[in-house]
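Here is a short report for a first look at this structure. Start with the pocket, then turn to the sheet and the helices on it.

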Amino acid sequence: MAAKPESPSEPFKRAVTVAVRSLAAEPELEVNFSAEPPVLKGLKARLPSPSRNLSAHDVALVRGTGDAYALRKAYHDEKVNNKFRPQSPEGAAIFEAAEQARVEAIGSLAMKGVKANLASGLEQRLLNRGLGKARAKDEAPLADVLGLMVREKLTGESPPASIAAAVEL
């Protein structure tokens with residue numbers, strides 16, 4: 001019986017898995033792909049599942065999310081984070097956005113390919129959250145906007161053009 005042909009996305013998933021583990025310096029990191037929301041928890045990373053045809057949008061989102069999680073795993077200290085995280089929900093969201101900008105800046109400044117992946121992934125995530133459609137201050141979540149501002153200060157990179165209006169609000 002002939003083996004079922006491999007989906008074109010399978011080699012891509014394997015490559016992303018290896019890259020995420022390597023960038024995180026964590027060979028035991030379990031990387032899965034799912035339609036469920038992406039998440040990093042302990043030694044498990046769930047990334048967006050790319051479509052079978054590997055559109056540029058899917059590739060950018062998967063690689064950007066994977067690199068962001070890998071950098072968080074490599075450069076984030078949960079104990080220190082918990083010690084300084086504000087108690088209020090809005091304060092905690094802003095704190096987390098700034099921390100994510102910090103860990104991503106480390107990778108962006110050190111590796112051009114990672115920089116491009118993070119920029120594409122960030123833009124896609126924020127567009128998916130509706131930030132590109134923001135026309136009033138209350139439509140632009142403060143944590144997302146401040147995260148972009150911290151990113152700009154650390155890396156010198158302006159917010160993506162598709163989201164710049166939200167930052168201006």
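How do the residues of the lining of the largest pocket divide into nonpolar, polar and charged? The model is predicted, and its lining holds 12 nonpolar, 5 polar and 11 charged residues.

**The pocket**

The largest pocket encloses about 770 Å³ of space. It is lined by 28 residues, and the closest to its centre are Y69, R72, E96, Q100 and E104. Five elements, β2, α2, α4, α5 and α6, each give two or more residues to this lining. The largest share, 6 residues, comes from α4.

| Element giving two or more residues to the lining | Residues |
|---|---|
| β2 | 39-41 |
| α2 | 56-75 |
| α4 | 89-110 |
| α5 | 112-128 |
| α6 | 142-155 |

**The sheet**

Three strands form an open sheet in the order β1-β3-β2, and the pairing is mixed. At the edges are β1 (30-34) and β2, each pairing on one side only. From one strand to the next, the twist averages 15 degrees.

How are β2 and β3 joined? They run antiparallel, with 3 bridges between β2 and β3 (residues 44-48). L40 stands opposite A45 in β3.

**Helices on the sheet**

Helix α1 (residues 9-24) packs on the sheet and touches β1 and β3. The direction of α1 makes about 140 degrees with that of β1. Helix α2 lies across β1, β2 and β3. α2 runs at about 160 degrees to β3. Both β2 and α2 also give residues to the pocket lining.

How values were computed. Residues are numbered from 1 along each chain as its sequence is written. This is a predicted model: local features need pLDDT of at least 70, side-chain atom pairs count only at pLDDT 80 or more; totals for chains, interfaces and linings use all residues. Side-chain values use heavy atoms; hydrogens and water are left out. On a 1 Å grid over the protein atoms alone, a cavity is a set of points where a 1.4 Å probe fits but cannot get out, and a pocket is an open set with protein on both sides within 12 Å along at least five of seven lines; lining residues have an atom within 4 Å of a point. Grid points are joined across faces, edges and corners, and a volume is the space filled by probe spheres set on the points. Helices (H or I, at least four residues) and strands (E, at least two) are DSSP runs, numbered from the N terminus. Ala, Val, Leu, Ile, Met, Phe, Trp, Tyr, Cys and Pro count as nonpolar, Asp, Glu, Lys and Arg as charged, and the others, Gly among them, as polar. Two strands pair if DSSP finds at least two bridges between them. Axes are lines fitted to C-alpha atoms, for helices over the stretch in contact, and angles run from 0 to 180 degrees between N-to-C directions. Contact means heavy atoms within 4.5 Å.
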